[in-house]
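Here is a guided look at one protein model and the ligand it holds. Have the sequence and the 3D view open, and take the sections in order.

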Amino acid sequence: MPLRIRFVLWYGGLFVVILFVVMGLSYAFHVRSHYDALDHALITSADHAANEPISELDSPRLERIGADLEVSLRLYDANGTLLETTAKAGEFSPSSPQAILAVPAKPPFDPIANLVPSILERPHTTEGAFGVISDGGRRWRIYVLPLKQDGYIEVLVSLDALDRAVRALRIVMAVLGLIGLAAAVLGSWAVASRALLPITVVDKTARSIALSRNFSQRVPLPARHDELGHLAETLNEMLASLQAAYYAQQRFVADASHELRAPLTIIQGNLELFARHQNISEGERQEMLSEIQKETVRLSRLVADLLTLARADSGTGLRQYPVELDAIVLTAFREGNQLAHGQTLVLDTFEPVQIIGDEDRLKQLMLILLDNAIKYTASGGQVRVELHRKANTAEIVVQDTGIGIPAEALPHIFDRFYRADPARSHDPGGTGLGLSIARWITEQHKGRIAVTSTLGEGTAIRVFLPIGQL
Ligand code: ATP
Ligand code: MG
């Protein structure tokens, strides 16, 4: 069910319940007090007549007693035979006082009014009884009081006027109730529409972004800074970060395709040469084959790197178990030695350290650092590797005497596909993914990677890994 309709049902429903309770109570007390006032007059007049000697209660006397409170009186003997009556009550057939006394009626006028207690104090009476009798569509309220001197006095009042007024009041109340109901529904609909308008706008914008994939769109901020304003702000922040991630992903795919294309073009070119020229010299053949092989290796390394980064992006964690970091560094150092072509690799301070981590990934990290150090250091240079054990941290240092990194490039070297300019002339084969993978591996071990470098003098990369439990 739409929120707006639920809002109307709750708000309008509550309003209507309150309206009906208030209207019902005021109707009930109002009507009840009017009917009670009549009963009051009947009792008072009956008491008045009962105080007179029965012999003096002739019709004129009864007329006078009833005149004050506009009631009619009738006098019966002990057998219930009508003796005297006022003129008005005379038009009306005699009742049976004994029958009314036998089955006294409570206030029976109106079902709603009967629900509330009387607010008028009743005059004290013990013997009398009330009744309601109808005659030709007219209702009479009747009160019968047995007299001490044998006989009954009966006081009557027509309910005509009051019944008409109560009927009119009911109609007025019903009309007012309907107007109140309509006002409640319309009012709550208007309030709900106004309150939900910003949500509708947010919904439309979000839908249009979803359809167009245009993450540069923003949700318009409502003028007031309330919960909805806050929601719009949060959505905009989310859109900004989605936009950044989306563009980064697009750039990554574009860069990756670009990098993949270069080796493929070289391989394809060489293969076409093979196909076209039958009589290639053995020397040329070897050269072409070694180029194809070199590019194939580069291609598979690139694919492996991309796979690693895809895993990193998907949030795949690393394995965690105790590993001998010194053994890993040593293995990588030995493998690094085979990459060297004229550079000297030196193992300096080397302390045994055990940490919790992923052996294969830590070795990959070491090889990335050694590969860079060797790649960007000219033949005759030196690469020094250190492993320190500090209080709660293991520190790996890979330092070289290579070309160094320009200061302006330093903040970017951990970005994907980033390569500082001097590196390009030294090694056209790199793709700029090594250090971004190194940083991911370090962060997965809750560690930190830092670089210091001086252009033309050398570079030092430091990796700090926590020794304690991950
Ligand atoms: P890849 O490692 O993917 O083959 P790459 O070595 O160019 O390519 P990274 O390892 O990410 O990429 O390094 C990024 C850049 O940082 C390098 O291109 C280079 O400019 C610079 N760099 C990294 N290590 C060194 C270093 N030891 N000496 C000088 N420059 C370095
Ligand atoms: Mg590298």
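Which backbone oxygen does the side chain of R419 reach? The side chain of R419 gets to the backbone oxygen of G430, at 3.4 Å. Bear in mind as you read on that this is a predicted model.

## R419, beside the ligand

Let's stay with R419 for a moment. You'll find R419 in the loop between β10 (393-400) and α10 (421-426). Despite that loop address, R419 is buried, with a relative accessible area of 9%. Buried here means under 20%, so a value of 9% puts R419 in that class.

Besides reaching G430, the side chain of R419 makes a polar contact with the side chain of Y376, at 3.0 Å. R419 is also listed with the closest residues around ligand 1. For a sense of scale, pick out I355 as well: R419 and I355 are 64 residues apart in sequence, and their C-alpha atoms are 31 Å apart in space.

## Around ligand 1

Now for the ligand itself. Ligand 1 is surrounded by 20 residues, and the closest of them are R301, N372, R419, G432 and L435. Sorted by class, this shell holds nine nonpolar, seven polar and four charged residues.

Oxygen atoms of the ligand have some polar partners you can look up. A polar side-chain atom of K375 sits 3.1 Å from an oxygen of ligand 1. The side chain of T431 brings an N or O atom to 2.9 Å from a ligand oxygen, and a polar backbone atom of G432 is 2.8 Å from an oxygen of the ligand. How much of the 590 Å² that ligand 1 exposes when taken alone does the protein bury? The protein buries 98% of that area. Two elements give two or more residues to the shell, namely α9 (359-375) and α11 (434-444). The biggest giver is α9, with three residues.

## Helix α2 and its two sides

Next, move to helix α2, which covers residues 59-69. Three of its residues, L62, I65 and G66, are buried. Why do they end up on the same side of α2? Because the arc they cover around the axis is only 90°. There's a handy rule behind this: an α-helix has 3.6 residues a turn, so residues three or four places apart point the same way.

Turn the helix around and you meet R64 and D68, exposed residues on the face that points away from the buried side. The buried residues, for their part, pack against α1 (3-50), β1 (72-76), β2 (82-85) and β5 (152-158). Just after α2 comes E70, whose phi is positive, near 55°.

## Two buried polar contacts

T459 is worth a click too. T459 belongs to strand β12 (residues 458-466) and is buried, at 9% relative accessible area. Its side chain is joined to the side chain of S453 by a polar contact of 3.0 Å. Setting aside residues up to four places away in sequence, T459 touches V398, Q399, D400, G404, I405, V451, T452 and S453.

D163 gives you another case, this time in helix α5 (residues 160-212). D163 counts as buried, with 11% relative accessibility. Which residues is D163 in contact with, leaving aside its neighbours within four places in sequence? They are Y35 and R139. With Y35 there is a polar contact between the two side chains, at 2.7 Å.

## Loop residues with a positive phi

Finally, check some backbone angles. Most residues other than glycine have a negative phi. R213 goes the other way: its phi is positive, near 55°. R213 is in the loop between α5 and α6 (227-276), and R213 is exposed, with a relative accessible area of 54%.

K446 has a positive phi as well, near 60°. Look for K446 in the loop between α11 and β11 (448-454). Is K446 buried or exposed? At 61% relative accessibility, K446 counts as exposed. The cut-off for that class is over 50%, so K446, at 61%, falls in it.

Note on methods. Residues are numbered from 1 along each chain as its sequence is written. Chains are lettered from A and ligands numbered from 1 in the order in which they are written. This is a predicted model: local features need pLDDT of at least 70, side-chain atom pairs count only at pLDDT 80 or more; totals for chains, interfaces and linings use all residues. Side-chain values use heavy atoms; hydrogens and water are left out. A residue is near a molecule or strand if one of its heavy atoms lies within 4 Å of it. A polar contact is a pair of N or O atoms within 3.5 Å; within protein, one must be able to donate a hydrogen and the other to accept it, and residues adjacent in sequence count only if both atoms are side-chain atoms. Accessible areas come from the Shrake-Rupley method with a 1.4 Å probe; for residues, only the protein chains shown count as cover. Helices (H or I, at least four residues) and strands (E, at least two) are DSSP runs, numbered from the N terminus. Ala, Val, Leu, Ile, Met, Phe, Trp, Tyr, Cys and Pro count as nonpolar, Asp, Glu, Lys and Arg as charged, and the others, Gly among them, as polar. Buried means under 20% relative accessible area, exposed over 50%, partly exposed in between (1.4 Å probe, protein chains only). The arc is that of the directions from the helix axis to the C-beta atoms. Contact means heavy atoms within 4.5 Å.
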